[in-house]
Amino acid sequence: MKEISLKLQGKIKRLTNKTFKFDERVGEGWFSAVYFLKTKEIAEKYKPNNVVTMQFFQKTQAVLCGTDEVIALLETFAINPEELEVASLEDGDKIEPFETVMTIKGPYQNYGFLEGVIDGIFARRTSVATNVYEVVKAAKSSGVEKPVIFMGDRDDHFMMQSGDGYAAYIGGSKAQATHAMNEWWGKRGIGTMPHALIQLFEGDVVEATKAYKETYPDDDLLALVDYNNDVITDSLKVARAFGNELEGVRVDTSNHLIDQYFNRHPEVLGTFDPRGVNPKLLFALREALDEEGYDHVKIVASGGFDAKRIERYERIGAPVDMYGVGSSLLNIHIGFTGDNVVLNGKPQAKTGRKLRENQRLQKITLG
């Protein structure tokens, strides 16, 4: 059983290294900035009895993620972690600018070398969780909650997928493209066909969809329909071929292309950008499907979507039932800072920084 299940059942409080599987070199300082390692050595030599309080914060409204990971990091690599005093918020907490999300108190040399690693964990996890949260919020802004598929596998190094998938889960996306994205919290990735499958069938979307259906008969049947840059024609082809068995069509037209629909209907051009998956194309697709009685066929839109664009589509009532979102969710734009703010029980920090008490912090027992 995955640790996330135990956590949701209340059997454990936090995820541990059984989930995160840290690189053992973290404890050797391999991923720490060298000046932290040098400071650790100096503290051990000259100030071994100093007790330092470090606090972590960021500067925007965000959805916090990474607390379980950081706590597990401290338990795994801090020196004498049971002697540290740690207080933290929870993954999924909404946080304000400059709000303290975690404090660590103890001898600097026991944990200070992990400062940059901790900042990086918080920055990436919180950025992804916040990005996903904003997209999910936009996708239900019309009053109807529409699923968001996390499709960030091709937009970053593959080793990032497990952590990013967990952060996306914290942000509100429970549909993800790879098994790795589900590793920390779920079971299996979801997805149907890429353009490569249609290419194997020489651009025949009906034959490609037939092969998919025969190979995966228990899956919801979702056809990709932009391969030939004629989404309405190909959507109707698969709808006629599969009828009620067709769950939906996915439109993924490149933002550099204009669909063939507009070549057939130049009279609608002139007041909007006709490239990519634009609202005019989606409205025309919905109308074409409905006219032939395929109102059950859902429309999935992907390709260059972010929260702002989704909010606009929802505001005008674009007929989208599900959004596939990738690169915009991996924009790492929230930076965290770890500050030493108290020394031996007395305020001591660089100018402009001080301990910011936060009553929401929960005491954490390491061991």
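In which loop does Asn-80 lie? In the predicted model, Asn-80 is placed in the loop between helix 4 and strand 3 (85–88). With a relative accessibility of 35%, Asn-80 counts as partly exposed, because buried residues must fall under 20% and exposed residues over 50%. The C-alpha atom of Asn-80 is separated by 33 Å from that of His-157, a residue 77 positions away along the chain.

The overall architecture of the protein was examined next. The secondary structure consists of 13 helices and 14 strands, and the C-alpha atoms fill a box of roughly 80 × 45 × 35 Å along the principal axes. Of the 367 residues, 50% count as buried. When contacts between residues at least 6 apart in sequence are considered, 73% of them join residues at least 24 apart.

A second asparagine, Asn-278, is found in the loop between helix 11 (260–264) and helix 12 (279–291). Asn-278 has a relative accessible area of 3% and is therefore buried, the cut-off for this class being under 20%. The side chain of Asn-278 reaches the backbone oxygen of Pro-274 at 2.9 Å. At the start of helix 12, a side-chain oxygen of Asn-278 also comes to within 3.2 Å of the backbone nitrogen of Lys-280. Leaving aside residues up to four places away in sequence, Asn-278 touches Phe-262, Phe-272, Asp-273 and Tyr-313.

Helix 12 itself comprises 13 residues and spans 18 Å from its first C-alpha to its last, close to the 18 Å expected at 1.5 Å a residue. Its buried residues are Pro-279, Leu-281, Leu-282, Ala-284, Leu-285, Arg-286, Ala-288 and Leu-289. In an α-helix there are 3.6 residues a turn, so residues three or four places apart point the same way. The buried residues of helix 12 pack against helix 10 (231–242), strand 9, helix 11, strand 10 and helix 13 (307–315). After the helix comes Gly-293, which has a positive phi, near 85°.

Two of the elements packed against helix 12, strand 9 and strand 10, also contribute to the largest pocket. This pocket has a volume of about 1,100 Å³. Its lining is made up of 38 residues, and those nearest the centre are Met-151, Ile-190, Gly-191, Thr-192 and Arg-250. Strand 9 (246–251), strand 10 (298–302) and strand 11 (322–325) each provide at least two residues of the lining. By class, 15 of the lining residues are nonpolar, 13 are polar and 10 are charged.

The second largest pocket encloses about 640 Å³ of space. Among its 21 lining residues, Phe-22, Glu-69, Arg-125, Met-159 and Met-160 are the closest to its centre. Two or more residues of this lining come from each of helix 2 (17–20), helix 4 (67–77), helix 6 (115–139) and helix 7 (161–171). Helix 6 gives the most, with five residues. The lining of the second largest pocket divides into 10 nonpolar, four polar and seven charged residues. Helix 4, one of the elements contributing to this lining, is also the helix that precedes the loop holding Asn-80.

Technical notes: Residues are numbered from 1 along each chain as its sequence is written. This is a predicted model: local features need pLDDT of at least 70, side-chain atom pairs count only at pLDDT 80 or more; totals for chains, interfaces and linings use all residues. Side-chain values use heavy atoms; hydrogens and water are left out. On a 1 Å grid over the protein atoms alone, a cavity is a set of points where a 1.4 Å probe fits but cannot get out, and a pocket is an open set with protein on both sides within 12 Å along at least five of seven lines; lining residues have an atom within 4 Å of a point. Grid points are joined across faces, edges and corners, and a volume is the space filled by probe spheres set on the points. Helices (H or I, at least four residues) and strands (E, at least two) are DSSP runs, numbered from the N terminus. Ala, Val, Leu, Ile, Met, Phe, Trp, Tyr, Cys and Pro count as nonpolar, Asp, Glu, Lys and Arg as charged, and the others, Gly among them, as polar. Buried means under 20% relative accessible area, exposed over 50%, partly exposed in between (1.4 Å probe, protein chains only). A polar contact is a pair of N or O atoms within 3.5 Å; within protein, one must be able to donate a hydrogen and the other to accept it, and residues adjacent in sequence count only if both atoms are side-chain atoms. Contact means heavy atoms within 4.5 Å. The expected span of a helix is 1.5 Å times one less than its number of residues.
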